[in-house]
Amino acid sequence: MSAIAGDPRSATGAHPMIRTVLDSLGVPLVALAGLAAFWLFPDDLGLLTRIAATALYVLSLDLVLGYCGIATLGQAAMFGTGAYVAGIVAVNWINEPMLLLAVGGLAGGLVALATGALILHARGLTLLMLTVAVVQIVQEVVNKARDWTGGSDGLSGIDPAPVLGLFRFDLYGRTSYLFALAVLVAGLLVARRIVRSPFGLACRGVREDPLRIAALGGSPRRYLVTMYAVAGIFAGVAGALTAVSSGIVGLDSVSFSWSAEALVMLVLGGTGRLFGAVIGTVAFMGIHHILAATDPFHWMLFIGLFLMAVVLFLPGGIVSVFDGLIARLTPSSPRRSDGATR
Amino acid sequence: METLFGIAVDGVAYGMILFIISVGLSVTLGLMRVVNLAHGAFAMVGGYVASYAAQGLGLPYPAAIAVAVVLTVVATLPMEKLLYRRIYGSANELQQVLLTIGLTFVIVAGINYIFGPTLKRVPLPDMLVGVVELGPKAIPAHRAFVIAVGAAILLGLWWLLERTDFGIRLRAAVDDPAMAAALGIRTERLYAATFAIGTGLAALGGVLGAELLPLEPYYAIRYIVLFLAVVAVGGAGSIFGSAAAALALGIVDTAGKYLIPNFGEFFFYAALILILFRWPHGFFHGRAA
């Protein structure tokens, strides 16, 4: 139970230089695609805003799962806490968007630090259940604190001030979307910096072989808890971003199923690759949007078949399609059998 | 006193339902190392089939149960061959989670398509509607029946595992699959048989528990966390662990709902955290099934 998704990087045969170029192109590509979507789908900005915020949330899960190997179904605890804290602060005291993001990130990070320190000694199914228990308890607490959170009615009336005092939130959601996209791109840049840092490499080392890290003098658990807290900050910011851009926070933002959806989106896109999170989110929410318009059960049928097909035919997630293409385009590099080893 | 008695009866009955459904999941998880999130969907299928057999076809209760169990097993065995065999023992549990969540979604959509989104009931026979006198106290007959069936299954599984050739092979395969295969135990067949027993029990639990875990299309997603919790607390692969965990969690949950009703599931998950703290690998980890 301890071995988690193999590193897709090791199975790709792409030439190192080409990969470096592609990796550095990733963030500008996301920014460009985001801006293109702004021009192409001006009527769907609400959906696009939600996708951008969700991508940041799935990215936070990638940090713990893809880079540390922590399988968790509790990421919504941090997302929801960030959303609620930012929402409560906005309704009662201050409504400056940047500050709300900071407050949400802080709250998410604190929850992650507290719960991570408690539960990260467990592994496998036990850890999975502990994360579920945490998210359920947070949900009960939010539900009980009706005076602050609105309970099952949700929290509404969040009315953010103009971003940086310059850009007013408009009726069409243009500001919301560009704001969310900017936060997502910034998040990607920070995440890339983190996973390339010595700390990020140490985390990857813990995922591969915790014993060896301990033998080298590192503390595997401290790395895991730190990364869990860092990811909690990302999730909290994503929650705050959702609260600010949509104006409401519901109980479902801190639910088991929202955690599970993040996991599905991430594995769909590909773990251990920052852009896997973005691609998975776009694919999942895009399909959801197209199909859910008719009947929620139709959506479940198609997404179910889609998920099964991905596992059976694309074990590395959608990202592995690109890897396969790149490997095909670079004949000089040694190609390994893809998928069979995972 | 009255409350305490009610908690005991309802808690044990609820725990027995959890046990009947979860024990199959525990053994498949312990033996095949598959995180089978579709297990709850199998229980749901059993419940729906029984509901249709009883209400639509007018079959008597025992026949409806039998039809539900047999049909569920027949329907899921091809899945074992086509899907599960590919992910047994896979080091990549995320792929297992994804595949079985996908399967769950498909089953949920299928159940809704066939039976519609409304709540379904499995009508109880007259014998199970009344109460059973136990000295000065009386317990609802359905609860007594569930507790009796749960106890019978616990004993039956114990006999199957401890006293039969099949049980010896199964225990060997749980302890060390590679060694068991090397010794000539045909693990593939063993897996298929265990899978069939597991889904059969899930279907049975889905029918018997229809009063406590109501049948609706989202059943599969709503309750799978409960079943996984039982497995985590009991220790994967352990039958007595599953029974102990199911009873403990069932009683805690029922007590919480009786005494402090508006806290919902809080006590269930608080107990889960405390137990997993004390026994991170479950009650009976490391022993043979």
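No salt bridges turn up across the interface of chain A and chain B. That goes for this predicted model, and the search for polar contacts ends the same way: zero residue pairs at pLDDT 80 or more are in polar contact across the interface of the two chains. On chain A, the elements that give two or more residues to the side touching chain B are helix H6 (124-144), helix H12 (256-269) and helix H14 (296-313). That side of chain A divides into 30 nonpolar residues, six polar ones and two charged ones.

How much area do chain A and chain B bury between them? The figure comes to about 3800 Å², with 81% of it on carbon and sulfur atoms. Three residues stand out here: A:Met129, A:Phe297 and A:Met300 supply 17% of the area that chain A buries against chain B, more than any other three residues. As for who takes part, 38 residues come from chain A and 41 residues from chain B.

Next comes the make-up of chain A itself. Its secondary structure amounts to 15 helices and zero strands. Chain A has 342 residues, and 58% of them are buried. Looking at contacts in chain A between residues at least 6 apart in sequence, 79% join residues that are at least 24 apart.

A:Thr72 gives a close-up of chain A. This threonine is placed in the loop between helix H3 (45-68) and helix H4 (75-92). Is A:Thr72 buried or exposed? A:Thr72 counts as buried because its relative accessibility is just 1%, and the cut-off for buried is under 20%. Its side chain reaches the backbone nitrogen of A:Gly74 at 2.8 Å. Once neighbours within four places in sequence are set aside, A:Thr72 is in contact with A:Leu61, A:Val64, A:Leu128, A:Thr131, A:Tyr228 and A:Leu263.

The UniProt record adds another layer. For chain A, an unreviewed UniProt entry lists "transmembrane region" at residues 21-41, 47-69, 76-94, 100-120, 177-195, 227-251, 263-287 and 299-326. In the model, residues 76-94 of chain A are 89% helix and 0% strand, with the end C-alpha atoms 24 Å apart. Residues 299-326 of chain A come out at 82% helix and 0% strand, and there the end C-alpha atoms lie 32 Å apart.

Chain B has its own set of these annotations. UniProt, again in an unreviewed entry, places "transmembrane region" at residues 6-27, 59-77, 97-115, 144-161, 190-208, 220-252 and 259-279 of chain B. Over residues 6-27 of chain B the model is 100% helix and 0% strand, and 31 Å separates the end C-alpha atoms. For residues 59-77 of chain B, the span is 89% helix and 0% strand, with 25 Å between the end C-alpha atoms.

Back to charges. Side chains of opposite charge can pair when their charged atoms come close. Over all chains, the whole structure holds nine salt bridges. One of these joins A:Asp153 and A:Arg146, at 3.3 Å from N to O. A:Asp153 is exposed, with a relative accessible area of 65%, whereas A:Arg146 is partly exposed at 41%.

In chain B, B:Arg85 forms a salt bridge with B:Glu80, and their closest N and O atoms are 3.2 Å apart. The two partners sit in contrasting surroundings: B:Glu80 counts as buried at 1% relative accessibility, while B:Arg85 counts as partly exposed at 25%. This pair also belongs to a wider arrangement, in which B:Glu80, B:Arg85 and B:Glu188 are linked in a network of salt bridges. Another chain B bridge brings together the side chains of B:Arg171 and B:Glu162, at 4.0 Å from N to O. B:Glu162 is partly exposed, with 31% relative accessibility.

Last, a loop residue of chain B. Where is B:Leu119 found? B:Leu119 lies in the loop between helix H4 (93-115) and strand S1 (131-134) of chain B. B:Leu119 counts as exposed because its relative accessible area is 57%, and exposed means over 50%. Leaving out neighbours within four places in sequence, B:Leu119 is in contact with B:Pro214, B:Leu215 and B:Glu216. B:Leu119 and B:Tyr48 are 71 residues apart in sequence, and their C-alpha atoms are 10.0 Å apart in space.

Note on methods. Residues are numbered from 1 along each chain as its sequence is written. Chains are lettered from A and ligands numbered from 1 in the order in which they are written. This is a predicted model: local features need pLDDT of at least 70, side-chain atom pairs count only at pLDDT 80 or more; totals for chains, interfaces and linings use all residues. Side-chain values use heavy atoms; hydrogens and water are left out. Contact means heavy atoms within 4.5 Å. Buried area is the accessible area (1.4 Å probe) that two parts lose on being put together, summed over both. A polar contact is a pair of N or O atoms within 3.5 Å; within protein, one must be able to donate a hydrogen and the other to accept it, and residues adjacent in sequence count only if both atoms are side-chain atoms. Helices (H or I, at least four residues) and strands (E, at least two) are DSSP runs, numbered from the N terminus. Ala, Val, Leu, Ile, Met, Phe, Trp, Tyr, Cys and Pro count as nonpolar, Asp, Glu, Lys and Arg as charged, and the others, Gly among them, as polar. Buried means under 20% relative accessible area, exposed over 50%, partly exposed in between (1.4 Å probe, protein chains only). UniProt positions are given in the numbering used here, feature names are shortened, and annotations may be inferred rather than shown by experiment.
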